[in-house]
Amino acid sequence: MNIIQLQVTSFRNLVDLQLNLKKGVTLFYGMNGQGKTNLVESIYVLSKTHSFRSYHHKEFIHYDAKEACVRAKVHKKSGTHQYQILLTNQGKICFINKNKVAKISQYLGSIQTISFIPEDVRIFKESPRIRRWLLDSELASLFPVYMKQLIIFQKVLEQRNALLKKMSEKQKNLLSIIDEQLLNVSYELYHKRSWLIQQLNELLVTLYQKITKQKDQISIVYKTYLDEKDKEKYIDLAKSMLNENLNKDIEKTFTQIGVHKDDFEIYLNDKAVSLYASQGQQRLISLSLKLAMVELNTRINKDEPILILDDAFSELDKDKKQALLNYILSKEQVFVTCTHYSEVIQEAIDQPIEIIKMRQGNVVERGVICNGRKQSESL
Ligand SMILES: Nc1ncnc2c1ncn2[C@@H]1O[C@H](COP(=O)(O)OP(=O)(O)OP(=O)(O)O)[C@@H](O)[C@H]1O
Ligand SMILES: [Mg+2]
């Protein structure tokens, strides 16, 4: 899929921006603090209804405005549609073809984007919650039912924890009903997470080798409390594990084991990336993981997601920049931010690359670079 037109109003420092966009690679360039990340963030928010760098949607609204709006015309395999998100101090409202959607869940997934931002490298050092969220958000974009299952799991887990606080002999029946529900939905989450990790494993090693031009081996290892593919066996084993842990759970008033503790670890040549890999290697692996998600989304959704690379080229060496550029040139639509386009385009390339210069939230210059020549376009 690809965005044909974008309109951004009062989103951070983007007061009123209208852009016609093309397929292929578009580079947003300019000095620090001019609105490059804000622009790609607005596209991401339109797609996901949340940001990759902020939890509070009020931060998106321009200091002097009451509401922010992002609107885009998107060309997809199923046709061309218009999507819009309106952000106010009270909340967010989404529209598809000018019709307000009743539930955000009906809107999510309409525009598929995968982003890489410099902060993504932190996934190796962050808490398991962040890594779980990476798996969960990817699964939600692949299978809409996944989000519903995750919400059910969280509700049932809360019920179980609440029951643990007032546990007595009489409540044992109720606990076994809750456990049955919990383990049924746990299996669904486990099964899909396990599948995802297996898929990403194959893609990650190929993409990492393509960009680094090295034969390093990479593997993702799923860390879960119980690895058993057969559903009946899984539930039986999990039940006995919950029973064994019951006294500890009652003491702590919290369920100690379960898929809510899931995590994964990435290994580079059998060494944990979080402990041994260099900063540059961590960056390349987290970037390759996002590229693996692009490939997987394309395979499952039969339509390519839009790729956003915020400041992804700045710390890469020359060869890796070239390899990354070659890779993204094969994608349907990619938005890249950088301080200068020469940071990304280092040698003559025979495919046109759109360049858009940003200053103080406005587009001040745009053009195309092809075969080492730059042609300006009228604004
Ligand atoms: N709600 C807001 N209203 C107005 N301006 C805002 C708002 N939030 C952030 N800004 C401004 O946006 C600017 C930062 O923009 P952005 O992060 O897009 O920069 P950038 O061009 O990506 O720079 P860099 O190259 O440093 O990454 C800052 O000057 C900041 O003050
Ligand atoms: Mg930026």
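Is N97 buried or exposed? In this predicted model, N97 comes out exposed, because it has just 10 other C-beta atoms within 10 Å, and a residue counts as exposed at 12 or fewer. The views below start there and then move through the rest of the structure.

**View 1. N97 sits in the loop between β6 and β7.** The strands on either side of this loop are β6 (92-96) and β7 (99-100). Set aside the neighbours within four places in sequence, and N97 is in contact with H81 and Q82. R131 is another story: N97 and R131 are 34 residues apart in sequence, and their C-alpha atoms are 34 Å apart in space.

**View 2. The largest nonpolar core has 79 residues.** L27 and V336 are the ones to look for here, since they touch the most other members. As for who supplies this core, helix α8 (residues 279-301) gives the largest share, with 9 residues. Zoom in on V336 and you'll find V25, L27, L309, A312 and V344 in contact with it, once neighbours within four places in sequence are left aside. Another core lies apart from this one; it has 11 residues, including L183, L189, A238 and L242. As a bit of background, nonpolar side chains tend to be buried together in soluble globular proteins.

**View 3. Strands β9, β10 and β11 make an open, antiparallel sheet.** The 3 strands run in the order β9-β10-β11. That leaves β9 (218-223) and β11 (271-272) as the edge strands, each pairing on one side only. Between β9 and β10 (residues 263-268) there are 6 bridges, in the antiparallel sense. To pick out one of the bridges, find I218 and look for its partner L268 in β10. Helix α5 (residues 172-212) lies across β9 and β10, and runs at about 165° to β9.

**View 4. K210 belongs to helix α5.** Is K210 well covered or out in the open? Something in between: K210 is partly exposed, because 14 other C-beta atoms lie within 10 Å, a count between the 12 or fewer of an exposed residue and the 20 or more of a buried one. Not counting residues up to four places away in sequence, K210 touches A323 and Y327. The pair K210 and Y327 is worth a look: they are 117 residues apart in sequence, but 8.4 Å apart in space, C-alpha to C-alpha.

**View 5. Ligand 1 is surrounded by 17 residues.** The closest are N13, N32, K36, T37 and N38. Which helix gives the most to the shell around ligand 1? That's helix α1 (residues 36-48), with 3 residues. Sort the shell by residue type and you get 11 polar, 4 charged and 2 nonpolar.

**View 6. Strands β15 and β16 form a hairpin with 2 residues between them.** In the turn, N371 has a positive phi of about 50°. β15 (residues 362-370) pairs with β16 in the antiparallel sense, over 5 bridges. Across this pairing, V368 stands opposite Q375 in β16. Why does β16 (residues 373-377) lie largely in the open? Of its 5 residues, the number buried is 0.

Terms used. Residues are numbered from 1 along each chain as its sequence is written. Chains are lettered from A and ligands numbered from 1 in the order in which they are written. This is a predicted model: local features need pLDDT of at least 70, side-chain atom pairs count only at pLDDT 80 or more; totals for chains, interfaces and linings use all residues. A nonpolar core is a set of buried Ala, Val, Leu, Ile, Met, Phe, Trp, Tyr and Cys residues joined through C-beta atoms within 7 Å. Helices (H or I, at least four residues) and strands (E, at least two) are DSSP runs, numbered from the N terminus. Two residues are in contact if their C-beta atoms, placed from the backbone, lie within 7 Å. Two strands pair if DSSP finds at least two bridges between them. Axes are lines fitted to C-alpha atoms, for helices over the stretch in contact, and angles run from 0 to 180 degrees between N-to-C directions. A residue is near a molecule or strand if its C-beta atom, placed from the backbone, lies within 6 Å of it. Ala, Val, Leu, Ile, Met, Phe, Trp, Tyr, Cys and Pro count as nonpolar, Asp, Glu, Lys and Arg as charged, and the others, Gly among them, as polar.
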